[in-house]
Amino acid sequence: MSFPTHRPRRLRRTEALRGLVRETRLTTAGLIYPLFVCPGEKIRQEVSSMPGVFQQSVDAIVEECREVADVGIPGVILFGLPETKDATGSSSLLAQGIVQKAVAAIRKANLPLLVITDVCLCEYTDHGHCGVIENGEVRNDATVAILAEQALSHARAGADIVAPSDMMDGRVAAIRAKLDENKLEDVAILSYAAKYCSGFYGPFREAAQSSPQFGDRRSYQMDPANVREALKEVALDIAEGADMVMVKPALPYLDVIRQVRDSCNVPVGAYNVSGEYAMVKAAARNGWLDEERVVLEILTGMQRAGADIILTYHAKDVARWLAS
Ligand SMILES: [Zn+2]
């Protein structure tokens with residue numbers, strides 16, 4: 001059974017044939033669009049290292065969401081830039097906090113969109129770490145208690161899905177318990193189960209104003225060299241009640257996505273992060289890469305690796321390209 005009987009090129013001869021036998025079909029239905037919400041009105045400030053991505057006030061976010069829904073993207077994930085920051089990120093818990101206001105406004109606009117909220121402290125703490133600090137260290141259990149309150153507050157505002165990104169141990173169980181105690185048992189948890197300590201978050205920190213003011217995040221985010229540990233994190237989060245799990249970043253961790261996909265039976269997300277987006281944008285702006293072609297290739301690669309859901313800043317462009 002070999003050449004010349006078998007000629008794989010036979011099935012590549014025309015677009016109809018290639019389409020017929022295509023193994024991975026990228027669709028808009030699996031995309032989530034990240035948004036950054038800031039205080040004020042009529043604000044739409046472009047993030048310099050992420051062309052096409054904006055910090056936006058609540059009114060502008062609602063308009064953007066209308067556009068997102070119009071192109072068929074099923075959901076958005078919100079990150080907040082609060083008015084004030086302190087040591088414990090207390091502005092993240094306010095019923096009238098920035099994310100809570102945005103969630104409520106999107107709900108009020110009655111758009112066919114899933115609203116996901118990022119649950120973490122780094123955007124709200126004056127030191128920029130994802131948890132509360134004691135003696136120069138991020139304290140796990142004290143942080144988890146605050147994260148559960150934050151998730152509850154987002155759910156009360158109308159979030160469909162809460163997405164803890166802090167990498168504290170035990171937070172999924174604490175959030176599930178808190179939501180259930182408050183009769184919010186239908187709110188789902190998408191856990192950033194395997195979030196790596198990555199250099200690819202650089203542009204995001206400009207967008208979310210969340211750079212740590214001292215030290216780094218190596219004591220809670222994962223070591224980029226590890227994959228068995230990712231499977232352990234995923235198993236723990238599912239046992240604690242995560243409805244979906246995520247790998248972040250995506251492009252340098254396709255093997256992790258594949259192994260996570262093979263190791264569990266919940267939907268797997270991949271976060272195509274800011275640095276991955278910025279690289280493509282920079283190269284495309286220089287005329288060094290064909291943006292549409294490489295973005296579709298990158299996202300197809302993530303899906304082929306096993307991602308059911310892709311969070312990406314390219315989502316609106318992809319939706320338009322796939323529709324044309
Ligand atoms: Zn964080």
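Is Val21 buried, exposed or partly exposed, and what is its relative accessible area? In this predicted model, Val21 has a relative accessible area of 38%, so it counts as partly exposed. The residue is found in the loop between helix H1 and strand E1, the latter spanning 31-37, and it belongs to a nonpolar surface patch that it forms with Leu11 and Leu20, the three together having about 290 Å² of accessible area.

**Surface patches before and after H1**

A positive patch also lies on the surface, and it is formed by Arg7, Arg9, Arg10 and Arg12. Of these residues, Arg12 can be placed in the segment before helix H1, which covers 15-20. Arg12 counts as exposed because its relative accessibility is 52%, and exposure is assigned to values over 50%.

**The zinc site**

The zinc ion is coordinated through the SG atoms of Cys120, Cys122 and Cys130, at 2.2 to 2.4 Å. Along the chain, the donors follow the spacing C-x1-C-x7-C. Two of the coordinating residues can be described further by their accessibility: Cys122 has 6% relative accessibility and therefore counts as buried, while Cys130 is also buried, with a relative accessible area of 1%.

**Backbone geometry**

Most residues other than glycine have a negative phi, and most peptide bonds are trans. Against that background, several places in the backbone deserve a look. The peptide bond from Phe3 to Pro4 is cis, with omega near 10°, and Pro4 lies in the segment before H1. A further cis peptide bond runs from Lys248 to Pro249, where omega is near -5°; Pro249 is found in the loop that connects strand E10 (244-248) with helix H8 (254-263).

Positive phi values occur at Lys42 and at Asn110. For Lys42, which is not a glycine, phi is near 55°, and the residue sits in the loop between E1 and strand E2 (44-46). Its relative accessible area is 71%, so Lys42 is exposed. For Asn110, likewise not a glycine, phi is about 60°; its place is in the loop between helix H3 (98-108) and strand E5 (114-119). Asn110 is exposed as well, because its relative accessible area is 67%.

**Salt bridges**

Side chains of opposite charge can pair when their charged atoms come close. With a salt bridge taken as a side-chain nitrogen of Lys or Arg within 4 Å of a carboxyl oxygen of Asp or Glu, the count comes to 19 salt bridges. Among them are the following pairs.

| Pair | N to O distance |
|---|---|
| Arg320 and Glu67 | 3.0 Å |
| Asp180 and Arg176 | 3.0 Å |
| Lys281 and Glu291 | 2.8 Å |

Which side chain meets Arg320 in a salt bridge? The partner of Arg320 is Glu67, at 3.0 Å from N to O. This pair links distant parts of the chain, since Arg320 is in helix H11 (residues 315-323) and Glu67 is in helix H2, 253 residues apart. Arg320 counts as partly exposed because its relative accessibility is 39%, and Glu67 is likewise partly exposed, with a relative accessible area of 33%. Helix H2, in which Glu67 lies, comprises residues 58-70. The C-alpha atoms of Glu67 and Gly30 are separated by 17 Å, the two residues being 37 apart along the chain.

The pair Asp180 and Arg176 is set within one helix: the two residues are four apart in helix H5 (residues 171-181), so about one helical turn separates them. The partners fall into unlike accessibility classes, as Asp180 counts as partly exposed at 36% relative accessibility, whereas Arg176 is buried, with a relative accessible area of 14%.

Lys281 forms a salt bridge with Glu291, the closest N and O atoms being 2.8 Å apart. The pair links distant parts of the chain, with Lys281 in helix H9 (residues 274-285) and Glu291 in helix H10 (residues 291-305), ten residues apart. Lys281 has a relative accessible area of 12% and is therefore buried. Through salt bridges that share partners, Lys281 and Glu291 are joined into one network with Arg44, Glu64, Glu67, Lys316, Asp317 and Arg320.

Note on methods: Residues numbered from 1 in each chain as written. Predicted model: local features only at pLDDT ≥ 70, side-chain atom pairs only at ≥ 80, totals over all residues. Heavy atoms only, no water. Donors = N, O, S within 2.8 Å, 3.2 Å for Na, K, Ca; no water. Buried < 20%, exposed > 50% of the residue type's maximum accessible area, 1.4 Å probe, protein only. Patch = residues over 30% accessible without salt bridge, like charges linked within 9 Å, V, L, I, M, F, W, Y side chains within 5 Å. Areas by Shrake-Rupley, 256 points an atom, 1.4 Å probe, with all protein chains shown as cover. Lys, Arg positive; Asp, Glu negative; His and termini not counted. Charge placed at Lys NZ, Arg CZ, Asp CG, Glu CD.
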